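Visitor: Please take one part of this model and look at it closely with me, namely the empty spaces and what surrounds them. I am in my first year, so please explain each term when it comes up.

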Amino acid sequence: MSIKIRFHGAVRTVTGSLHTIQNGTSRIAIDCGLFQGHRQEFYERNSNFPFEPSALDAVVLSHAHIDHSGNIPNLIKKGFKGKIFCTSATEDLCSAMLPDSGHIQEEDAKFVSKIHRKKGLPPVHPLYTRKEAEDSLEFFQGESYHESFEVAEGFEVSFLDAGHVLGSTNPIIKVRDGDGEIKIGYAVDLGRKDIPILKDPEMPEELDYLFLESTYGGRYHTSIDEAKDILCDTVNRTVKRGGKIIIPSFALERTQEVAYYLNQLLMEDRIPDIPIYVDSPLAVNITDVFLRHPECFDEEMLEAFKGGDDPLGAKRINYITDVNDSKRLNEIHEPMVIISASGMCEAGRILHHLRNNIENPKNTVLIVGYMAKNTLGRKLVEREEKVKIFGLEHPLRAEVVVINAFSAHADRNDLLNYALKFKGKVKNIFIVHGDEDQSEALLELLTENGLPAHLPVPDEEVEIS
């Protein structure tokens, strides 16, 4: 039996998830995400694949986040002709998110090209267009949780709920080669227990091999209640000095979660009734997708919707789609909350809000999600004195507050407890999706607890049996 795994992306780093598995007859990919970083590196690393896309038989997609799904249009553009298997909710989310990604790339390319013309520099081009992203959607095939289905010869897949974002799954992949069969689990990304809106992560019974994320492999989350208190204090402190709260947020899940807590704080009279804006056409579309997939909700959220409640604050929060309405927010000099994408501050409307607001010390930039290395978001987290936005330097004078507890990723304890369920059964655990220090911290933790673990290097190939 000869089964090979190759680790192409999100290895010793967080973004750009992409791995392949092959037996004697077929080759599939798990995820096909965008690497996020500096504009030139973003374009170079995402433009080319370390294999021939036409040679792939299928893609198994774990969830809709762009660092897992965002390079699918380019994969198809380069010759992939197979199916992309995901949950039905993920298919619906990608129908909104991938065209939006193409549109943002086109708009950012136009904006930066305009600046380049003034400097005598060449224009920049999008990785793919909105039209190319829309064309890619015909390759998607939505599947239900807990049902087994064949994706290629010798590859059978079933989806367990990952509890990470709407529609997310930790796929269980059975690979046959000859008379042998190997069961591989893919816990990338793994959600947290007892967070609002979604169900808790599900556990497989047994595995031969496991892919395990390490985003927070060396860190612990504080409690959600503590995060809610920090959110409350941040809003009140900023309003008192007459400033705005700017929240970069992933349009999927984090926006809905922050809206959920802001709505709770308003109902509890813990923050003043100031305007709250979700400035993202994508977030509006995604919220609609949420309402179409109650099968993903936990019992509390399901009961709230059935009872006619408004847990996501749709009646209290202003959702903006029109670009002119977005621009007008920067002309209003009164306290407000602006939640806008993208989550790592690498593209989209958030760049314009940051450009217009980070030089004012009355304002606050509230970070509610993970920021990968070399992104603008990470530079804000590290409070660099000056940051570049659209190629121009801006002094960072606004307050920066970081709340990691809103993360939808499992932390160090969660990851260890998940892995310990397979102690004495799993042959190896492959550590992926984490900055190198976090991956190394998880590797040490797992081995200290008697678990076999391996931290691959980019494009490493291993043979399993």
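Guide: What follows goes through the pockets, then a helix pair, and then the cavities.

This is a predicted model, in which local features need pLDDT of at least 70 and side-chain atom pairs count only at pLDDT 80 or more, while totals for chains, interfaces and linings use all residues. Residues are numbered from 1 along each chain as its sequence is written, and side-chain values use heavy atoms, with hydrogens and water left out.

Rolling a probe the size of a water molecule over the atoms shows where empty space is left. The search uses a 1 Å grid over the protein atoms alone: a cavity is a set of points where a 1.4 Å probe fits but cannot get out, a pocket is an open set with protein on both sides within 12 Å along at least five of seven lines, and lining residues have an atom within 4 Å of a point.

We can begin with the largest pocket, whose volume (the space filled by probe spheres set on grid points joined across faces, edges and corners) is about 1200 Å³. Its lining counts 47 residues, and those closest to the centre of this pocket are Gly-37, Arg-39, Asp-108, Glu-346 and Ala-347. Several elements (DSSP runs numbered from the N terminus, with at least four residues of H or I for a helix and at least two of E for a strand) take part in this wall. At least two lining residues come from each of α1 (39-47), α2 (66-69), α4 (88-119), α12 (376-381) and β17 (386-389). The helix that gives the most to the lining of the largest pocket is α4, with 11 residues. Sorted by class (Ala, Val, Leu, Ile, Met, Phe, Trp, Tyr, Cys and Pro are nonpolar, Asp, Glu, Lys and Arg charged, and the others, Gly among them, polar), the lining of the largest pocket has 24 nonpolar, 15 polar and eight charged residues.

Next comes the second largest pocket, which holds about 710 Å³ of space. There are 28 residues in the lining of this second pocket, and nearest its centre lie His-103, Glu-107, Val-323, Arg-349 and His-352. Two or more lining residues of the second largest pocket are given by each of α4, α8 (281-292), α10 (323-329) and α11 (350-357). Here too it is α4 that gives the most, with 10 residues in the lining of the second largest pocket. The classes in the lining of this second pocket are eight nonpolar, 11 polar and nine charged residues.

Two of the helices in that wall also pack against each other. The axes of α4 and α8 (lines fitted to C-alpha atoms over the stretch in contact, with angles from 0 to 180 degrees between N-to-C directions) are 10 Å apart, and the two helices pack at an angle of about 170°. Because angles over 145 degrees count as roughly antiparallel, α4 is roughly antiparallel to α8. In the contact between them (heavy atoms within 4.5 Å), α4 brings Ala-89, Asp-92, Leu-93, Ala-96, Met-97 and Asp-100, which meet Leu-282, Asn-285, Ile-286, Val-289 and Arg-292 of α8. By class, this contact of α4 with α8 is made of seven nonpolar residues, one polar and three charged.

We can now turn from the pockets to the cavities, of which a search of the whole structure finds two of 30 Å³ or more. The largest cavity has about 130 Å³ of space. Its lining is made up of 16 residues, and His-65, Phe-250, Met-344, Tyr-370 and His-409 are the ones that lie nearest the centre of this cavity. The lining of the largest cavity divides into six nonpolar, seven polar and three charged residues.

The second largest cavity contains about 40 Å³ of space. It is lined by His-164, by Ile-195, Pro-196, Ile-197 and Leu-198, and by Glu-253 and Glu-257. Sorted in the classes given above, the lining of the second largest cavity has four nonpolar residues, one polar and two charged.

To return to the helix that came up in both pockets, α4 supplies 11 residues to the lining of the largest pocket and 10 to that of the second largest, and α4 also packs against α8.

Conventions: Angles under 35 degrees count as roughly parallel, over 145 as roughly antiparallel, 65 to 115 as roughly perpendicular and the rest as oblique.
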